[in-house]
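This report introduces a protein model to a reader who meets it for the first time. The sequence and structure are shown first, and selected local features follow.

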Amino acid sequence: MLIWSSVQTSPEEILPSDGYALRFIFAETSHIATSPNILNHPIEYLKGVGPQRADLLKKELAVFSFHDLLHHFPYRHIDRTRITRIVDLNGTSDYALVQGKLWYYEIIGERSARRLVAYLKDDTGVLELVWFKGLTWIEKLLKQDENYLAFGKIGFFMGKPQMAHPELETVKSQTNGVRTSLEPIYPATEKLKSRNLGGRQLGKLTETLLSQLSLRDLPENLPQSVLTNLRLMSRFEAYRNIHFPASQQVYEQALRRLKFEELFITQLRLAMIRSERHRKSRGVVFGRVGEMFNDFYQKCLPFELTGAQKRVLKEIRQDTAGGHQMNRLLQGDVGSGKTIVALMTMLLALDNGYQSCLMAPTEILAQQHFATISELLKDLPVRLAVLTGSTPSREKKKILRQLAAGELDMVIGTHALIEDTVQFSNLGLAVIDEQHRFGVAQRASLWKKAEIPPHILVMTATPIPRTLAMTAYGDLDYSIMDELPPNRQPITTVHRYDTRRAQVMDFIRSEIDAGRQAYIIFPLIEESARLDYENLMAGYENVKAFFPEPRYWISMVHGRQPADQKETNMQRFVSGDTQIMVSTTVIEVGVNVPNATVMVIESAEKFGLSQLHQLRGRVGRGAEKSYCILMTGSQLGNDARERIRIMTSTSNGFEIAEKDLELRGPGEIEGTRQSGTVNFRLADIVKDRPILDAAKKIAETIIENDPELDSADNLRLKEYLVSLQGKTPWSRIS
Ligand code: ADP
Ligand code: MG
């Protein structure tokens, strides 16, 4: 029984496991009855909805069921629970409810300045009410000397309080118009508003819905001990109070409870997947460190490993020796030396009689890995091949035959490796480099290539902030390489306005004359491939004017080129035939040209932080001092200015990743998997970091002590998780 597979897009949801371990979770609990729940009712069944409104709710808000409406949360509340005295209205009151007698009213002004003005008087002062539209109609409704409640946004005109287009109600009884709870305002679209289904009316529907719900429909799902320790409101109360709280304070408690639940359920599932893998998955055993690994370490390794590299290798060795499948994420900053770690893990597999593969996201990278690794292994009897989309079919056939026959120890390649035709004789390890280009499904197809799933080592191109890693990759084990190899010269990063392009070009010339190479990068703006292309061509012509042939040679690489042309141009730069590489961001990942010392990024304001960091990582790979020059126009927005500031002040990828997350929010960050794991309905992993930390810690403790959730206190949790089984996704977008 695979219980997560059918529910993937709700916020409580995390991905199906990368492994197969989940089959075991709760296998014995399918008897727990899930009572038919009113929340599953289609939205048209709600009183006041009907087929037409239902259609709108589905199309505009993806609200399909009672459940969906319950989870359409208000973005703010307005307070009609208290009447404010006119004398107390001040600059800080936003919306206010005022009660008074209508003193008099009149229409004044001409043409566009024509307006209806009314004066409402209480014991403390006079409030001006004003309408600019619908004057005649409203004028008819007003009655002098009548008692009114006026609700609206308070503005000040010439120092006097004023309410424009207030909502007016006559006061018939003492309580009329004064609410007992705050009034929710919901996100709505223009279309909904025009069909009389705006934020207010949605509130009416929610009110109807809540009146029909009983405790049974929203049973508590958190263990009592957690509720007590964190002083959390009950689930039932929380849903009621997030919509209709008695006060702002109660609202905040409800919000906190539901945010915690969101994060906690996710963390719990991640912890379960990990725990399942650790306890129940089968994995091939890399029990010994043998000749290949040792010979390489002692004779072939051209440098001493960094402390971080050693530590990670140790973690990997422990992980692969225990008989369970390793599923590890290796996070390392650009240039921290992940390739060597990958290679040594592959040698470990070989020492234990297993084949391994290394998968890269692009042809160029696969070829480069192959070249680097072939060179490093040249004195060892390792049988190695490279397989990509452009491998000639005769060669490919041979490789496939050798892999299946066990005549190859390692294969390096691209997506071509996951094709069905690729069969291994005994695959024990798959390394996936620059991970974010690979989907989960693609990865999963790797484990089908062996009877016992191979160990998986995923290496990221760019550091991911810890909070994000915790949610997006929480089911994986996790290693960090936060140390660069010694004697790296720091890269000097500067900001230049593009009015100073000539000086920048002069600088590049001086570097080239000293024997070095330079990258000049142009952005992809994506709205128009044609414009991007033209922009790049113009840039290229411009560079060419500064650097004429035959003294200088330029390579150009861009997305529109056929793969082989890209490859040739890249290769000419790698081999030093050309001194300048003009390109779009296609070179961003992994490419290694140690002799390149200058990175110019044109229109740097158009790049995200992690992308800038990635690009900058292409230089500073050799012994010479390197430079990164961020060129921008003179008009910079605040965010762009901040990004440039960060780039010129730090080269620490982890620090940059945190800033990136702060600036852009979790959904936008590259390297995250399905956004469902990081985009929560209520919680924000940046702002709610303390809640996330608590949720993670508690989830882990619970799973550690009671992995099957069998204790009395945890039974609710188990029932809740089981009840999610087989549900259709909440947020279908039609
Ligand atoms: P990344 O982590 O970005 O993939 P690479 O594996 O490409 O980094 O390594 C970057 C460069 O650092 C390579 O030229 C590699 O040979 C070198 N390198 C890796 N580890 C060390 C080390 N321990 N000492 C010195 N240089 C190293
Ligand atoms: Mg790399």
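At 48% relative accessibility, Asn 196 counts as partly exposed, because buried stands for under 20% relative accessible area, exposed for over 50%, and partly exposed for values in between (1.4 Å probe, protein chains only). The model is predicted, so local features need pLDDT of at least 70 and side-chain atom pairs count only at pLDDT 80 or more, while totals for chains, interfaces and linings use all residues. Residues are numbered from 1 along each chain as its sequence is written, chains are lettered from A and ligands numbered from 1 in the order in which they are written, and side-chain values use heavy atoms, with hydrogens and water left out.

## Backbone features in loops

Asn 196 lies in the loop between helix H4 (190–194) and H5. Helices (H or I, at least four residues) and strands (E, at least two) are DSSP runs, numbered from the N terminus. The phi angle of Asn 196 is near 65°, a positive value in a residue other than glycine. A positive phi is also found at Ser 603, near 45°, again in a residue other than glycine. The loop that holds Ser 603 runs between strand S20 (596–601) and helix H19 (609–616).

A further loop, between helix H17 (529–546) and strand S18 (554–557), contains Pro 550. The peptide bond from Glu 549 to Pro 550 is cis, with omega near 0°.

## Helices H1, H5 and H7

Two packed helices are described by the angle between their axes and the distance between the axes. For helix H1 (residues 50–61) and helix H5 (residues 199–212), the axes come within 14 Å and cross at roughly 110°. Axes are lines fitted to C-alpha atoms, for helices over the stretch in contact, and angles run from 0 to 180 degrees between N-to-C directions. H1 and H5 are therefore roughly perpendicular to each other, a term for angles of 65 to 115 degrees. On the H1 side, the contact is made by Arg 53, Leu 57 and Leu 61, and on the H5 side by Gln 201, Leu 202 and Leu 205; contact means heavy atoms within 4.5 Å. By class, this contact of H1 with H5 has 4 nonpolar, 1 polar and 1 charged residues. Here Ala, Val, Leu, Ile, Met, Phe, Trp, Tyr, Cys and Pro count as nonpolar, Asp, Glu, Lys and Arg as charged, and the others, Gly among them, as polar.

H5 is also among the elements against which the buried residues of H7 pack, together with helix H2 (66–70), strand S1 (76–78), strand S8 (183–185), helix H8 (248–280) and helix H23 (715–723). Helix H7 (residues 235–243) is mostly covered, as 7 of its 9 residues are buried. Among them are Arg 235, Phe 236, Tyr 239 and His 243.

## The sheet of 7 strands

An open sheet of 7 strands has the order S11-S12-S10-S13-S14-S9-S15, with parallel pairing. Two strands pair if DSSP finds at least two bridges between them. Strand S11 (384–387) and strand S15 (477–481) stand at the edges with a single partner strand each, so one side of each is left without a neighbour in the sheet. Neighbouring strands of this sheet are turned by 20° against each other on average, direction ignored.

Within the sheet, strand S10 (residues 355–359) and strand S12 (residues 410–413) run parallel and are joined by 4 bridges. Cys 357 stands opposite Val 411 in S12.

Met 344 lies in helix H11 (residues 338–351), and is buried, with a relative accessible area of 1%. Not counting residues up to four places away in sequence, Met 344 touches Phe 293, Phe 296, Tyr 297, Leu 305 and Leu 313. The C-alpha atoms of Met 344 and Phe 296 are separated by 8.1 Å, although the two residues are 48 residues apart along the chain.

## The sheet of 6 strands

Another open sheet contains 6 strands in the order S16-S21-S20-S17-S19-S18, and the pairing is parallel. Its edge strands are strand S16 (492–497) and S18, each of which pairs on one side only. Strand S17 (residues 517–521) and strand S19 (residues 580–583) run parallel, with 4 bridges between them. The bridge partner of Ile 521 in S19 is Ser 583.

The table lists helices that lie across strands of the two sheets.

| Helix | Strands touched | Angle to a strand |
|---|---|---|
| H11 | S9, S10, S12, S13, S14, S15 | about 175° to S13 |
| H12 | S10, S11, S12, S13 | about 170° to S11 |
| H17 | S17, S18, S19 | about 175° to S18 |
| H18 | S17, S18, S19, S20 | about 145° to S18 |

Notes: Parallel < 35°, antiparallel > 145°, perpendicular 65-115°, else oblique.
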